[in-house]
Amino acid sequence: MRLILLGPPGSGKGTQAQRLVHKYGIVQLSTGEMLRAAVAAGTPVGLQAKEIMANGGLVPDEVVVGIIADRIEEPDAKKGFILDGFPRTVPQAEALDDLLRKKHLKLDAVVELRVNESALLARVEKRAEETRARGEEVRLDDTPEVLTKRLAQYRSLTEPLIHYYSERRKLLTVDGMMTIEHVTREINRILTALGALEPKDHEDHAPKAAKKAAKAAMKASKKPARKAAKPAKKAAKSSRKAAKAPSRAKVTKKTVKKTVKKAVKKAVKKAVKTAARAAKARKGAKTAKKAAKKLTKKRAKR
């Protein structure tokens, strides 16, 4: 399962991504973390990124795509991944499509968490007030001013992705203003409809459980069959004995006469009945013939 979560800052993408990671056993790929890991590992792409960052420049899309290409080859990403922070622009989305195509992979879904921006700002203001009330310092990136700038940046750069993925029938929208639990349930419902993987908690045990259940069912089905077979065998034995009994008995003249008399009587009765039916049929045929002649004469007179 390969997903992208879209949504403005504060929409809850990080929370939902972590829940999906836990439920489906996939990995969350953050471009920031991947860049730092590539630099630390000294990979060719990481060294290139290190040089650009050291000079204060922005890492170009092709370098980020190269880092993603390396990362999704790692064993823990084989089950799937959620991209966090990438793509941010339409050109990045196009570059990602090319990468996945080359690796013969496909993107399963792009889940957009749609939220009310004014509600997000009110939420941040409330959080800042609560932080000050506790006597703590408010984080620089957790103020209404910073959020306003980030929302404007999201609208200009990232929002066009909604149209991009909608055209490709990959976009699925969820109301991000619901409770965290409701949003999680709705995302899981969508993924189930898409045929997403089973939760990892049950993956390893499912085949074993299925085998045990099948074995138990087989045993249960055999027991009543064996029980039912015993009386059937006894009945068959008794019927064979009964069939053999007349052949062993002595046949007397009296018995033969009685049997013949019965057979003759039965045959006579049958013959009488057959003759009566035949007579009735002949009578019916004559009546029908007469009626037909009368009808013909009447028609001729007309």
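**Pockets, a cavity and a helix pair in a predicted model**

Me: What volume does the second largest pocket of this predicted model have, and which residues lie nearest its centre?

Reply: The second largest pocket has a volume of about 200 Å³, and of the 13 residues that line it, Ser11, Gly12, Arg123, Gly176 and Ile180 lie nearest its centre. Two elements, α1 and α9 (180-193), give two or more residues to this lining, which by class holds 5 nonpolar, 7 polar and 1 charged residues.

Me: Why are Ser11 and Gly12 not counted as nonpolar?

Reply: The nonpolar class takes in Ala, Val, Leu, Ile, Met, Phe, Trp, Tyr, Cys and Pro, whereas residues that are neither in that list nor charged count as polar, Gly among them, and therefore Ser11 and Gly12 are polar.

Me: How much space lies in the largest pocket, and which element gives the largest share of its lining?

Reply: About 1,200 Å³ of space lies in the largest pocket, and of the 40 residues lining it, Pro9, Lys13, Gly85, Arg88 and Arg150 are the closest to its centre. Among the elements that give two or more residues to this lining are β1 (2-6), α2 (31-41) and α4 (61-71), while the largest share, 6 residues, comes from α7. By class, the lining divides into 16 nonpolar, 14 polar and 10 charged residues.

Me: What makes the space lined by Leu5, Lys13 and Ala17, among others, a cavity rather than a pocket?

Reply: The name cavity is given because a 1.4 Å probe fits at its points but cannot get out, whereas a pocket is an open set. The count comes to 1 cavity of 30 Å³ or more, and the largest cavity has a volume of about 30 Å³. Its lining also includes Gln28, Ile82, Leu83, Asp84 and Gly85, with β3 supplying the largest share, 3 residues, and the classes divide into 4 nonpolar, 2 polar and 2 charged residues.

Me: Why is α6 called roughly antiparallel to α7?

Reply: The axes of α6 (residues 117-133) and α7 (residues 144-158) come within 9 Å and cross at roughly 155 degrees. Angles over 145 degrees count as roughly antiparallel, and therefore α6 is roughly antiparallel to α7. The crossing is right-handed.

Me: How do you know that α6 and α7 are in contact, and which residues meet?

Reply: Contact means heavy atoms within 4.5 Å, and Glu117, Leu120, Leu121, Val124 and Glu125 in α6 meet Pro144, Leu147, Thr148, Leu151 and Arg155 in α7. By class, this contact has 6 nonpolar, 1 polar and 3 charged residues.

Notes. Residues numbered from 1 in each chain as written. Predicted model: local features only at pLDDT ≥ 70, side-chain atom pairs only at ≥ 80, totals over all residues. Heavy atoms only, no water. 1 Å grid on protein atoms, 1.4 Å probe; cavity = no way out; pocket = protein on both sides within 12 Å on 5 of 7 lines; lining within 4 Å. Points joined across faces, edges and corners; volume = space filled by probe spheres on them. Helix = DSSP H or I, 4+ residues; strand = E, 2+ residues; numbered from the N terminus. Axes fitted to C-alpha atoms, helices over the stretch in contact; angles between N-to-C directions. Parallel < 35°, antiparallel > 145°, perpendicular 65-115°, else oblique. Left-handed = near helix turned anticlockwise from the far one by under 90°.
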